[in-house]
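Please open the model in your viewer and show the whole chain before selecting anything smaller. The tour begins with the overall fold and ends at a single side chain.

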Amino acid sequence: MTKREQLLSIFNSIFQINVCGKDSKKVRRDISKTNVDSKIIIIAEAMAPEQVRLSGVNYFYKDGSIGNTGRSLEKFLKLFDYSVYPNSPNCIYHTEIVHSFPGYDIKNGKKSIRRPNLKEIEKSVESGILEREIEIIKPQLIFLMGDTAYQTFYKYFLRVKPKRTLTSEIEYISKTGNYQKYQGIALLPLQHSSGANPRFSSILRNMELLNLIKKILDH
């Protein structure tokens, strides 16, 4: 089977798995908008409510417009000639720890996206979907975007307990150049590119990290 055929099978599995409950709005990922030869995989926490879940295209809405998370991430990726746009030859491959939308929490009349719980995370990891995505894409670099992706990947895939907070781990890697690997693939934790995360802008100015990324990709 070709990589595209293998990913089509994976996309069917992603469509069918709903560890956070039945989801009648979820659609299949669009293989035509996927770079199967990407050198980079970005792993986030879970599906966002209105983009790939409804459009089949990561970071983009059904009308083709880009979301805030994708817009912020694009600023970062452009610093080393990569992109979230599907028509780019250097488009990255995006996936999640939890291939489902967790739903909403409502507190004091305010609605916010619920974070996946431990049981949902464990079911997702045990499905083997993420492991197979990595095996098929065979990237040079994996970005773990956000604390849940960082903590979960270290725990379940590296079998180690993170020694530092997400921010401290990024600072440590930037200063020392020492990073973890998974099956020979470089792992770099990132702040989440959500517009609600003011810490993300700091990585745009982190020249040590940017130089390390370029070094990994040029290897």
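Buried is used here for a residue with under 20% relative accessible area, exposed for one over 50%, and partly exposed for anything in between (1.4 Å probe, protein chains only). This is a predicted model, in which local features need pLDDT of at least 70 and side-chain atom pairs count only at pLDDT 80 or more, while totals for chains, interfaces and linings use all residues. Residues are numbered from 1 along each chain as its sequence is written, and side-chain values use heavy atoms, with hydrogens and water left out.

Keep the whole chain selected: of its 219 residues, 51% are buried. Along the principal axes, the C-alpha atoms fill a box of roughly 50 × 45 × 35 Å.

Next, colour by secondary structure, and nine helices and seven strands should appear; these are DSSP runs numbered from the N terminus, with helices being H or I of at least four residues and strands E of at least two. If you display contacts (heavy atoms within 4.5 Å), residues 24 or more positions apart account for 69% of those with a separation of 6 or more.

Now select helix 3, which spans residues 68–77 and contains Thr69. Is Thr69 buried or exposed? Thr69 is buried, because its relative accessible area is 18%. To see its surroundings, add Tyr59, Met145, His192, Ser193 and Ser194 to the selection, since Thr69 is in contact with these residues once its neighbours within four places in sequence are left aside.
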